[in-house]
Amino acid sequence: MRKESIIRLDDGGEQKEFKIRQMSASQGERFFFKLILLLGGQTEAQKLSDPMAIMGALADKPYGKVQELLDDMLSCISRVNGGVETQLTPDNVDGFIESPMTLFKLRGEVFKSN
């Protein structure tokens, strides 16, 4: 069973609740192979557990390829509001999240859970 966690973050002065879900085994494998290939295979395994190190390593990569990974990560995040869960997608994320830092923190939680 995939693990899930609920986190609460301040976003634009409002406390918001999100659910972070672990990727399935096959989704996680595809994600990490894409990540390793994008990083040129030069990433040490220990860096894969540090979201800040990963984001730093991606800083000089082609944005289109990085965006694919960022979009994949959204599939692990839902906004929870009044007991109603809404899956985040590239098309709806801006309707639920105001601050880029909130999105960055959520992606860090996705890395941690996977």
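**Aromatic rings.** Start with the aromatic side chains of this predicted model. There are 2 aromatic pairs in the structure. Select Phe-31 and Phe-32, which make one of them, in an edge-to-face arrangement. Their ring centres lie 5.1 Å apart, and the planes meet at 90°. Are these two residues buried or exposed? Phe-31 has 3% relative accessibility, so it counts as buried. Phe-32 is buried too, at a relative accessible area of 17%. Now add Phe-111 to the selection. Ring pairs join Phe-31, Phe-32 and Phe-111 in a cluster.

**Two helices.** Keep Phe-111 on screen and show helix H5, residues 100-113. Then show helix H3, residues 63-74. H3 and H5 pack with their axes 10 Å apart, at an angle of about 80°. H3 is therefore roughly perpendicular to H5. Which residues meet at this contact? On the H3 side, pick Leu-70, Asp-71, Met-73 and Leu-74. On the H5 side, pick Leu-103, Arg-107, Val-110 and Phe-111. Phe-111 thus appears twice on the tour: in the ring cluster and in the contact of H5 with H3.

**The sheet.** Turn to the strands. An open sheet of 4 strands runs in the order E1-E2-E3-E4, with antiparallel pairing. Its edges are E1 (4-11) and E4 (84-87), each of which pairs on one side only. From one strand to the next, the twist averages 35°.

Walk across the sheet from E1.

- **E1 to E2.** Select E2, residues 14-21; 8 bridges connect E2 to E1, and the two run antiparallel. Look for Asp-10, whose bridge partner in E2 is Gln-15.
- **E2 to E3.** This antiparallel pairing has 4 bridges. Pick Glu-17; its bridge partner in E3 is Val-80.
- **E3 to E4.** Here 4 bridges join the antiparallel strands. Asn-81 has Val-84 in E4 as its bridge partner.

Pause at E3, residues 77-81. Of its 5 residues, 4 are buried, so the strand is largely enclosed by the rest of the structure.

**The turn.** Follow E3 into E4. What do these two strands form? They make a hairpin, with 2 residues between the strands. Select Gly-82 in the turn: its phi is positive, about 60°.

**A charge over a ring.** Finish with Arg-79 and Phe-18. The charged end of Arg-79 sits over the Phe-18 ring, 5.7 Å from the ring centre.

Definitions and conventions
Residues numbered from 1 in each chain as written. Predicted model: local features only at pLDDT ≥ 70, side-chain atom pairs only at ≥ 80, totals over all residues. Heavy atoms only, no water. Phe/Tyr/Trp six-rings, centres within 6.5 Å; stacked < 30°, edge-to-face > 60°. Buried < 20%, exposed > 50% of the residue type's maximum accessible area, 1.4 Å probe, protein only. Lys NZ or Arg CZ within 6 Å of the ring centre and 35° of its normal. Pairing = 2+ DSSP bridges. Axes fitted to C-alpha atoms, helices over the stretch in contact; angles between N-to-C directions. Parallel < 35°, antiparallel > 145°, perpendicular 65-115°, else oblique. Contact = heavy atoms within 4.5 Å.
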